[in-house]
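The report that follows turns to the protein surface beside a nucleic acid strand and then to some unusual backbone geometry. Please keep the sequence and the structure in view while reading.

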Number of protein chains: 2
Amino acid sequence: MAPRADKPTTTMADVARRAGTSTAVVSYVMNDGPRAVAAATRERVLAAAAELGYRPNRIARALRSRTTGVVGLILADSPNPYFGDLARHVERTLDERDRLVLIGNAGYSAERQRRLVDRFLAAQVDALVIVSADGGEDVTPQAEAAGVPIVYVHHGPDGGRAPLVEADNRHAAQEAVTHLRGHGHARVAFLSGPHDGGPVGRRRAAWQALAGDDPDALLLRCAYTRADADALIRRLVADDAVPRALVTATDEQAIGILSGAWACGLAVPDELALISLDGTPESAHTAPALTVTRQPLRAMAEHAVELVFDPAFQPPAAHAPLVVRRSCGC
Amino acid sequence: MAPRADKPTTTMADVARRAGTSTAVVSYVMNDGPRAVAAATRERVLAAAAELGYRPNRIARALRSRTTGVVGLILADSPNPYFGDLARHVERTLDERDRLVLIGNAGYSAERQRRLVDRFLAAQVDALVIVSADGGEDVTPQAEAAGVPIVYVHHGPDGGRAPLVEADNRHAAQEAVTHLRGHGHARVAFLSGPHDGGPVGRRRAAWQALAGDDPDALLLRCAYTRADADALIRRLVADDAVPRALVTATDEQAIGILSGAWACGLAVPDELALISLDGTPESAHTAPALTVTRQPLRAMAEHAVELVFDPAFQPPAAHAPLVVRRSCGC
DNA sequence: CTGAAAGCGCTTACAG
DNA sequence: CTGAAAGCGCTTACAG
């Protein structure tokens, strides 16, 4: 890194000297506590600070007070807008509470995730929020060893001790299947992920319970990317194996399906009715617009942050409402 | 914030004691310098550190060494995938250099941007990377007062002193217009932003220079959101004022156009040929797939980071290649 | 209500 | 090659 030009930083001692008081008092007025300061003294301190352009050094504060005001946020896969949207809400909520956020992308790698946790702990974060997915391992022991609270969002490791904030995925999948049934589709296929643990697993299980005779014949899989879903639907068209109705586990997959379908001249919703279970903002402006069950990303983020501040907080169930648009055939 | 459980953190002094040496030596082995350590001593220190599970405290290190290893990254608008992709590349590049990144979203607000800069400076970031857009003001004076290097990406304030990393937007717009001309469209419209300073302004200017007689009649404007572009194209269809060929300043707008066009039964590319000037990953999987000039986001991010480490670095021109897909009519 | 001083966990001259 | 010690800029008992 380019060495920072060595600006003479003005410190509390400078302010104290100018205000004719001690650093203790300066600290008390900068922090509004923990002890009271006479009004006249406070004025002098504020004036001195303003004249000198004093800015408290958060690093020094952190070393002494053992709290940095920084939260680490680790994403399973930041290119995926679902995680990106979740991250934005977490970041905004934390910002409102005057916390800074250190961000990292685990890229579906347990090793990278562990490494990020290590580095964030070394940076003395006050808490860790992990927006996880299949494949991440439990980092609770790491965090606990450092005495740092941790909360998982969207997906948590099996049998993990850390709290998990998740939407009602079971109900969402049921609603999607039921809606497609209402359009007269007796057989509704499901596009799952490569392994589907956690939330996607619960979505798939809920679908499966309603799928009828031979769910295996109606279960599709591909990675959580547009490219993979695009390739999948092209293959199905080529094989003349396209289902009449499909629920996708994620928006990324639904968007890939739409793209591949257009390329093959497969009409959505007329030849293929589609509902996606994420409902990120992107889903509102596809061609055609996607009917979705919308994950309550904002509420999930807020609950996660609340949990960071208050481990006793009991997040209410977060419902994922059905949002009817065009892709289902309505 | 929930008070962190007061784990007894093990410090350098603990390691030194156990290894029968001084904290200075422990520091030298943990940092591989700046002074040499006898092999035998080094082994003892490493063993002691491992046995005690010692993790260096970056905050203490930062206070003493005046360098945190943290870079602040401020985004003009994080929901916009263009900025999001840029951010990911910046984050990854910084991660490769073992830097941590503090992230913030300015949301097109100069006031929020200033506030973030203040807070990041208080956190003693080593540098600031600002992915800016119309409306941000120049925060160079703030950063300079703190002696912190700053680099703008995508868009920089008018007359700013800080370095700016930007693609060749003029050439990109020219290529797009020329390609559409090649499809026989004499009149090519342009969808710009609300104000279009900076990069979008240069895109629009390059288009305008080729637009022919009455550019005003072919110049459209809307916000950089899918929703706005969606609404715009519906209005144009209703008014029977849809151009035959259109270049959009951004992918968000192009995606909104596709969505609105589908809803109105306007066929792309048959009735409306379209090229977008961003070329984010999203553009590859729309319906139809967008022909774009692809901004070299990865190169831009790498150049920006290089500039943070070496202010003398001269970023090479970053070309935005034409990527032909379906929306242009090819 | 206020001041003098210790100490957070490191790094780095200074001295050997 | 190594140790004893100062000091980064704060916060917070301790003493008045």
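## Contacts with DNA strand C

In this predicted model, an N or O atom in the side chain of Thr9(B) is 3.2 Å from a phosphate oxygen of DNA strand C. Two further polar contacts involve bases: the side chain of Arg35(A) places an N or O atom 2.6 Å from a base oxygen of DNA strand C, while in Ala60(B) a backbone N or O atom lies 3.4 Å from a base nitrogen of that strand. The three contacts are set side by side below.

| Residue | Protein atom | Atom of DNA strand C | Distance |
|---|---|---|---|
| Thr9(B) | side-chain N or O | phosphate oxygen | 3.2 Å |
| Arg35(A) | side-chain N or O | base oxygen | 2.6 Å |
| Ala60(B) | backbone N or O | base nitrogen | 3.4 Å |

Taking the strand as a whole, 57% of the atoms of DNA strand C within 4 Å of the protein belong to sugar or phosphate, and the rest belong to bases. There are 30 residues around DNA strand C, and those that come nearest are Thr21(A), Thr41(A) and Arg64(A) from chain A together with Arg35(B) and Arg64(B) from chain B. By residue class, the surface near DNA strand C consists of 12 nonpolar, 11 polar and seven charged residues.

Which helices supply at least two residues each of the surface near DNA strand C? They are helix H2 (23–31) and helix H4 (58–65) of chain A, along with helix H2 (23–31) and helix H4 (58–65) of chain B. The element that gives the most to this surface is H2(B), with five residues.

## Backbone geometry

A cis peptide bond with omega of about 5° joins Val268(A) to Pro269(A), and Pro269(A) is found in the loop that runs between helix H12 (251–264) and strand S9 (273–276) of chain A. In chain B, the peptide bond from Val268(B) to Pro269(B) is cis as well, with omega near 5°, and Pro269(B) lies in the loop between helix H12 (251–264) and strand S9 (273–276) of chain B.

Two aspartates of chain B have a positive phi although neither is a glycine: the value is near 65° for Asp98(B) and about 45° for Asp196(B). Asp98(B) sits in the loop between helix H5 (81–96) and strand S2 (100–105) of chain B, whereas Asp196(B) belongs to the loop between strand S6 (189–192) and helix H9 (198–210) of chain B.

Is each of these aspartates buried or partly exposed? Asp98(B) is partly exposed, with a relative accessible area of 47%, whereas Asp196(B), at 7% relative accessibility, counts as buried because buried means under 20% relative accessible area.

Key: Residues numbered from 1 in each chain as written. Chains lettered and ligands numbered in written order. Predicted model: local features only at pLDDT ≥ 70, side-chain atom pairs only at ≥ 80, totals over all residues. Heavy atoms only, no water. Helix = DSSP H or I, 4+ residues; strand = E, 2+ residues; numbered from the N terminus. Buried < 20%, exposed > 50% of the residue type's maximum accessible area, 1.4 Å probe, protein only. Near = heavy atom within 4 Å. Polar contact = N/O pair within 3.5 Å; in protein donor to acceptor, adjacent residues only side chain to side chain. Nonpolar A, V, L, I, M, F, W, Y, C, P; charged D, E, K, R; others polar.
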